Amino acid sequence: MSLNTKATIDAIHSHFAASGLFARVHTHEPKNAPDTDMSAALWVGSIGPAPADSGLAASTAVVVYMGRLYIGM
């Protein structure tokens, strides 16, 4: 079984966009300064094994997603 982080990022993106709170939702950290509207950015922070839950037959992964909210000052 593979780890499908793209599907998870897409689901989080969809949830953020459907909330109606953000003018833009990025799947990367933006390089431009934010406008006056609130925007959000999300990306994969780290991926690693979960040693306590893994064994010889299977491995469990811990995926940390990072998110930031931006608003112009």
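**Questions on a predicted model**

Reader: Let's start with helix 1: about what separation lies between D10 and K6?
Author: D10 and K6 are 4 residues apart in helix 1 (helices, H or I with at least four residues, and strands, E with at least two, are DSSP runs numbered from the N terminus). An α-helix has 3.6 residues a turn, so residues three or four places apart point the same way. The separation of D10 and K6 therefore comes to about one helical turn.

Reader: Which kind of model is this, and at what pLDDT do side-chain atom pairs count?
Author: Residues are numbered from 1 along each chain as its sequence is written, and side-chain values use heavy atoms, leaving out hydrogens and water. This is a predicted model in which local features need pLDDT of at least 70, totals for chains, interfaces and linings use all residues, and side-chain atom pairs count only at pLDDT 80 or more.

Reader: What joins the side chains of D10 and K6, and at what N to O distance?
Author: Side chains of opposite charge can pair when their charged atoms come close. K6 is exposed at 57% relative accessible area, while D10 is partly exposed at 36% (buried is under 20%, exposed over 50%, partly exposed in between, with a 1.4 Å probe and protein chains only). Their side chains meet in a salt bridge (a Lys or Arg side-chain nitrogen within 4 Å of an Asp or Glu carboxyl oxygen). For D10 and K6, the N to O distance is 3.1 Å.

Reader: How does the reach of helix 1 stand against the expected value?
Author: Helix 1 runs over residues 5-18, which makes 14 residues. The expected span is 1.5 Å times one less than the number of residues. From first C-alpha to last, helix 1 reaches 20 Å, close to the expected 20 Å.

Reader: And just after helix 1, which residue takes a positive phi?
Author: L21 belongs to the loop between helix 1 and strand 1, and it is exposed at 57% relative accessibility. The C-alpha atoms of L21 and T5 are 24 Å apart, with their places 16 residues apart along the chain. The positive phi, about 80 degrees, is found just after helix 1 at G20.

Reader: How many residues apart in sequence are the parts that R68 and E29 tie together?
Author: The structure holds 2 salt bridges, and one of them joins the side chains of R68 and E29 at 2.1 Å, N to O. R68 lies in strand 3 and E29 in the loop between strand 1 (24-26) and strand 2. Both are partly exposed, R68 at 39% relative accessibility and E29 at 40%. The parts tied together by this pair are 39 residues apart.

Reader: Which residue of strand 2 is in contact with R68 and also with F22, R24, L69 and Y70?
Author: Leaving aside neighbours within four places in sequence, R68 is in contact (heavy atoms within 4.5 Å) with E29, S39, A40, A41 and W43. The C-alpha atoms of R68 and W43 are separated by 9.3 Å, although the two are 25 residues apart along the chain. The residue you ask for lies in strand 2 (residues 39-49) and is buried, with a relative accessible area of 3%. With the same neighbours left aside, F22, R24, R68, L69 and Y70 are the contacts of S39.

Reader: Which residues make the nonpolar surface patch?
Author: Patch residues have over 30% relative accessible area and no salt bridge, with like charges joined within 9 Å and nonpolar side chains (Val, Leu, Ile, Met, Phe, Trp, Tyr) within 5 Å. M66, in strand 3 (residues 61-70), is partly exposed at 37% relative accessibility. The patch covers about 210 Å² (Shrake-Rupley areas with a 1.4 Å probe; for residues, only the protein chains shown count as cover). Its makers are V62, V64 and M66.

Reader: Finally, is the protein compact or spread out beside a globule, and what is its radius of gyration?
Author: The protein follows the pattern α-β-β-β along its sequence. Its radius of gyration is well over the 11 Å that the globule rule gives for 73 residues, so the protein is more spread out than a compact globule (the radius is taken over C-alpha atoms, and the rule is 2.2 Å times the number of residues to the power 0.38). The C-alpha trace spans about 50 × 20 × 15 Å along its principal axes, and buried residues make up 15% of the 73. The radius of gyration itself is 16 Å.
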